[in-house]
Amino acid sequence: MAFYENTIIAKQDLAEKDLKSLREKYDTLIKNSSGKVIKIEEWGLLNLANKIKNYKKGFYIHFKFEGNNKTLDEIEKKIQLDNSIIRFLTVKYKKLDIKNEYFNKEKTK
Amino acid sequence: MKRRNKKFQKKNVNSLNKLSLFQKNDGKFSKKCPLSIKNAPIIDYKNIGLLRKYITDNGKIISSKISSVSFNKQKKLTKEIKKAKILGLI
């Protein structure tokens, strides 16, 4: 088992209901495939630095979880089929730092 | 840089062949790495404020000669900057 971080960029023209369902969908997906969700962050609507698939803005959702290669395979398969996601990135970590939140506006670090 | 400093010091030690008056006295150029001090900021692809300091306006990575970041940290920086570029943060 190792620690991973997964960020998803969703399309900007989604309703709030869709975003919630999107978040719950991947939450349950990780849990069902022998993984363990540690934290979920929502960075909100951010401007993209350059156009991605003709979109200028995107909703960022950030997962921190523990799992093995099976969970990774399953998530990436599902993400690539998903039409409402523009781009994603998964990074492996030895240690996760849960304290720091760089995109939390209230703290403004 | 280092070699130049050494030459400078040797010449200064010998008081007989002193340099000209117009030459600057302290020839130090090298800075210490700003990312390997105590309590240094974390290099991470989410920490955009830090990464923005080490790229130009066009998105190029600044070389370690200019920014005086150590070799190890420069390697880390480039990797994290590229991750942030994939996500469209920078």
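Q: What makes E2(A) and strand E3 (residues 55-67) of chain A a pair?
A: Two strands pair if DSSP finds at least two bridges between them, and in this predicted model E2(A) and E3(A) are joined in the antiparallel sense over eleven bridges, so the criterion of at least two is met. One of the residues with a bridge partner in E3(A) is A:Lys36, whose partner is A:Glu66. The two strands form a hairpin with two residues between them, and A:Lys53 in the turn has a positive phi of about 50°.

Q: Why is one side of E2 and of E4 of chain A left without a neighbour in the sheet?
A: The four strands form an open sheet in the order E2-E3-E1-E4 (chain A), with antiparallel pairing; E2 and E4 stand at the edges, each with a single partner strand, so one side of each has no neighbour in the sheet. For E4(A), eight bridges join this strand to E1(A), and A:Tyr4 stands opposite A:Lys92 in E4(A).

Q: How do you know which residues of chain A are in contact with chain B?
A: Two residues are in contact if their C-beta atoms, placed from the backbone, lie within 7 Å, and ten residues of chain A are in contact with eight residues of chain B. The largest share of that side of chain A, four residues, comes from E2(A).

Q: How are residues and chains labelled, and which confidence limits apply?
A: Residues are numbered from 1 along each chain as its sequence is written, while chains are lettered from A and ligands numbered from 1 in the order in which they are written. Because the model is predicted, local features need pLDDT of at least 70 and side-chain atom pairs count only at pLDDT 80 or more, whereas totals for chains, interfaces and linings use all residues.
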